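Me: Could you take a close look at one part of this model for me? I'd like to hear about a single chain and how its copy sits against it.

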Protein chains: 2
Amino acid sequence: MARTAAALIIGNEILTGKVREANVQRLAHELFRMGIALKRVIVCPDDIETIATDLRALRAAHDLVFTSGGVGPTHDDLTLPAVARAFDRALVRSPVIEALIRGHWGERVTEGHLRMADVPDGADLLQTNEVPWPVVSIENVFVLPGVPEIFEVKLLMLRERIGADVPFVSRALYTMCDEGEVAALLQTIVGAHPGVEVGSYPRWRDPTYSVKITFDGRDPARVDAALEACRAALAPELIVRVE
Amino acid sequence: MARTAAALIIGNEILTGKVREANVQRLAHELFRMGIALKRVIVCPDDIETIATDLRALRAAHDLVFTSGGVGPTHDDLTLPAVARAFDRALVRSPVIEALIRGHWGERVTEGHLRMADVPDGADLLQTNEVPWPVVSIENVFVLPGVPEIFEVKLLMLRERIGADVPFVSRALYTMCDEGEVAALLQTIVGAHPGVEVGSYPRWRDPTYSVKITFDGRDPARVDAALEACRAALAPELIVRVE
């Protein structure tokens, strides 16, 4: 299997610069380890029609879609209603989540809290002994919270459910090259090593290295071969380290 | 004027988790100060067709589009060719940029370096005395580099060219509220204060406050009125500070 994924990050706070987005790298890194190719990330506002439209498009074009944000009790938390709309399903109150909410808030419970129990009809609730509060998913869409600490816990809960594909391996040469001077070499290596993605990342005023050259792929032998071809073509004094 | 904007962040390194995206918050914050509403951010891979397709869609739906990344000399730097494709224009070598490149690299100059002088036919080059290396733009698309330090310098160069709209103002109540308990109040305030965006952001295990409630809008009097209505409705001991 070689699945693709997309992420929909929901939140005005990111689009107004109040908050720096914090979940994409965590998700991207985890998917890369699992061999799932993250192909697209969209950040959209707290608007139910926009979220629903984006979800429909992303889930049609990718095997897995992860959302981040918009799952709390207030008026600007619109992700679950938008997921329901994207699937043309009703929002229904989950007795499982309602019981968790009533257990937590007791007699202070409000309709705001209980709104967090409203999920698309037919949604799956994934719970574990360690994390009783469920991850809501429906078909290929997984709904995660925006708070980074909880996002991470829930992402790890999903590992087993989603399963891994043939994992990617990634190696890197840290060099003192000038990017323009190695451009032709890298083009040659890309052409000679199908199945290996070659990336070139300059550093700005870093005394320790100037360009990191990365080699990613699913076949470790091919990745190694591309890296070694590059290393062999560079003057040894230009290579700072190999990872 | 009340313009909208979008950003297209180009780079496999973000989608594979190698690098944490670093320019969106800077851009979002600057646009918010200028009164321009950032409505959408897309992160896409280093793929010329994907970049061109995204650019066409984003620039049709928004007044301004900013790209980040993909402007260096190597094979994975595809933004300027993709911009040319999105506008159905040829890539042509800019004599201005070519002269800068030859001046910088001298006799070490390579075809890789010179590729950075290839811009869409008819593109504008914005230079200043402080920053001779130009920002390339074409109609409503502004091409910025991914390296955060340079992204920031070039973004500031664009301030005057783009000009500000009626700026947004943003105020905030830092509270010890429970989000579910204030949900109904916030819904009432949203209904009674058109033109003010109200946001509610919980903190995870922060001893200093539990929920930040934000009030954004273009009319300071309306923003103040919404904040004051909220403050007046909350028990004083729940309010940690007002910004």
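Reply: Here's a walk through chain A, beginning with its own build and ending with its partner. Keep in mind that this is a predicted model.

Chain A carries nine helices and 12 strands. Lay its C-alpha trace along the principal axes and you get a span of about 70 × 40 × 35 Å. Of the 243 residues in chain A, 53% are buried, taking buried as under 20% relative accessible area. As for how the chain folds back on itself, look at the contacts in chain A with a separation of 6 or more: 71% of them come from residues 24 or more positions apart.

Now the outside. About 10500 Å² of chain A is exposed, and carbon and sulfur atoms supply 54% of that area. On charge, chain A has 26 positive and 34 negative ones, and the mean positions of the two sets lie 1 Å apart.

Then there's the partner. In general, two copies of a chain are related by a rotation about an axis and a shift along it. Here, a turn of 180° with a shift of 0.0 Å along the axis lays chain A on chain B, with an RMSD of 0.0 Å. That's the relation of a two-fold axis. If you want a spot to zoom in on, go to A:Ile42: its C-alpha is the one in chain A nearest the axis, at 2.3 Å.

The interface fits in with this. Of the interface residues of chain A, 100% are interface residues in chain B too, so the copies meet through the same surface.

Methods:
Residues numbered from 1 in each chain as written. Chains lettered and ligands numbered in written order. Predicted model: local features only at pLDDT ≥ 70, side-chain atom pairs only at ≥ 80, totals over all residues. Heavy atoms only, no water. Least-squares fit on C-alpha atoms with pLDDT ≥ 70 in both. Contact = heavy atoms within 4.5 Å. Helix = DSSP H or I, 4+ residues; strand = E, 2+ residues; numbered from the N terminus. Buried < 20%, exposed > 50% of the residue type's maximum accessible area, 1.4 Å probe, protein only. Areas by Shrake-Rupley, 256 points an atom, 1.4 Å probe, with all protein chains shown as cover. Lys, Arg positive; Asp, Glu negative; His and termini not counted. Charge placed at Lys NZ, Arg CZ, Asp CG, Glu CD.
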